[in-house]
Amino acid sequence: MSATNYHVAVVGATGAVGSKILNILEERQFPIASLKLLSSKRSAGKKIIFRGKEYTVEEAVPESFEGVQIAFFSAGGSVSKNLVPEAVKRGAIVVDNTSAFRMDPDTPLVIPEVNEEDLRHHKGIISNPNCSTIQMLVALEPIRRKFGLKRVIVSTYQAVSGAGLTAIEELKQQTKDILEGKEVTPEILPVASDKKHYQIAFNAIPQIDLFQDNGYTFEEMKMINETKKIFHMPELEVAATCVRIPVITGHSESVYIETEKGGATVEEIRQLLRDFPGVTVVDDPEQQLYPLATECVDKSDVFVGRIRRDLNRDNGYHLWVVSDNLIKGAAFNTVQIAESLIKLGLI
């Protein structure tokens, strides 16, 4: 990939996304000269094996970033707000996987298959979009390029791994307790709610993150605002409903779009998607073939199926979009951004 090796730090190295970032850096032979694994004080001291070598996780403090060229952040928004500026001040380029800087006008929000050129305008920070936004826009970009885009309406069915390792354990424990006839005491979900915590096992919770004054949740507003920013289409009509379901890994989305140009056949849409990097089309209704969350786990592609024209609008189309929220929705896209920085000569 590169003749140069880089001094790299991973913040949140012991978390669900941080551990995936390390796996992907190893799998893709990312050019690393030195590696720092950073975390909260609570996780400092843990041992992690990377490329056959044992590393000790250190507490992330401002001085941790001395000499670091690329820093991957995935330790929560508050950590990013505190430490990302410190990393940049010390010369690092930061790829941040939180929402802390996504809507900052000076911070590119990047999906390499969609808007890689936006990286040329970074000022030390690049934001990784929300997981549910990433998979939707990878699926929509080839259609947008060919036929334009007027409206997007999405309903998501999001896995609990998007809420972290504790949410995964909660789902497992609740499921076991219910099957054994025990009483369930919800503790974690919905994320960031300080009022109620609902059972997630055998349930569907139409709330991810806190409600805003307009009746949409923060997760829904992320999808709406991020889509407009990444596409450079502030007037695009976007609406979202985000639901947490009892699946461990793999976000699924029902996406309805209206294109600017009507008349495209379903087969034309399928072919556009087949030809687009990072997309796998699974769409054969006669054989009951369509994307499933269970079949996207640990895969980097976005899977698209159930492609059909709307019954009432010539420019309306429905798609079913599935992806591993920890891979393409987080860790893989994060590493891809760094690879793009190298490819474009920006680091």
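**Pockets, cores and a central strand**

The largest pocket holds about 1300 Å³ of space. Here a pocket is, on a 1 Å grid over the protein atoms alone, an open set of points where a 1.4 Å probe fits, with protein on both sides within 12 Å along at least five of seven lines, and lining residues have an atom within 4 Å of a point; the volume is the space filled by probe spheres set on the points. The structure is a predicted model, in which local features need pLDDT of at least 70 and side-chain atom pairs count only at pLDDT 80 or more, while totals for chains, interfaces and linings use all residues. Residues are numbered from 1 along each chain as its sequence is written, and side-chain values use heavy atoms, with hydrogens and water left out.

Which residues lie nearest the centre of the largest pocket? They are S74, A75, G76, G77 and G162, out of a lining of 48 residues. This lining divides into 18 nonpolar, 23 polar and 7 charged residues, where Ala, Val, Leu, Ile, Met, Phe, Trp, Tyr, Cys and Pro count as nonpolar, Asp, Glu, Lys and Arg as charged, and the others, Gly among them, as polar. Helix α2 (77-89) contributes to the lining, and with 5 residues α2 gives the most. Helices are DSSP runs of H or I with at least four residues, and strands are runs of E with at least two, numbered from the N terminus. The second largest pocket has about 160 Å³ of space, and its lining comprises 4 nonpolar, 4 polar and 4 charged residues.

Turning to the interior, the largest nonpolar core has 38 residues, among which L140, V152, I257, V304 and L319 touch the most other members. Such a core is a set of buried Ala, Val, Leu, Ile, Met, Phe, Trp, Tyr and Cys residues joined through side-chain atoms within 4.5 Å; buried means under 20% relative accessible area, with a 1.4 Å probe and protein chains only. Elements that each supply at least two residues include α4 (131-147), β9 (151-158) and β11 (251-258), and α4 provides the largest share, 8 residues. A second, separate core of 36 residues includes V17, L25, I32 and I70.

Strand β9 shows an alternating pattern: V152, V154, T156 and Q158 point to one face and are buried, whereas R151, I153, S155 and Y157 point to the other and are not. Strands pair if DSSP finds at least two bridges between them. β9 pairs with β10 in the parallel sense over 8 bridges, and with β11 in the antiparallel sense over 7 bridges. Within these pairings, Q158 is bridged to R244 in β10, while V154 stands opposite V255 in β11.

Methods: Buried means under 20% relative accessible area, exposed over 50%, partly exposed in between (1.4 Å probe, protein chains only).
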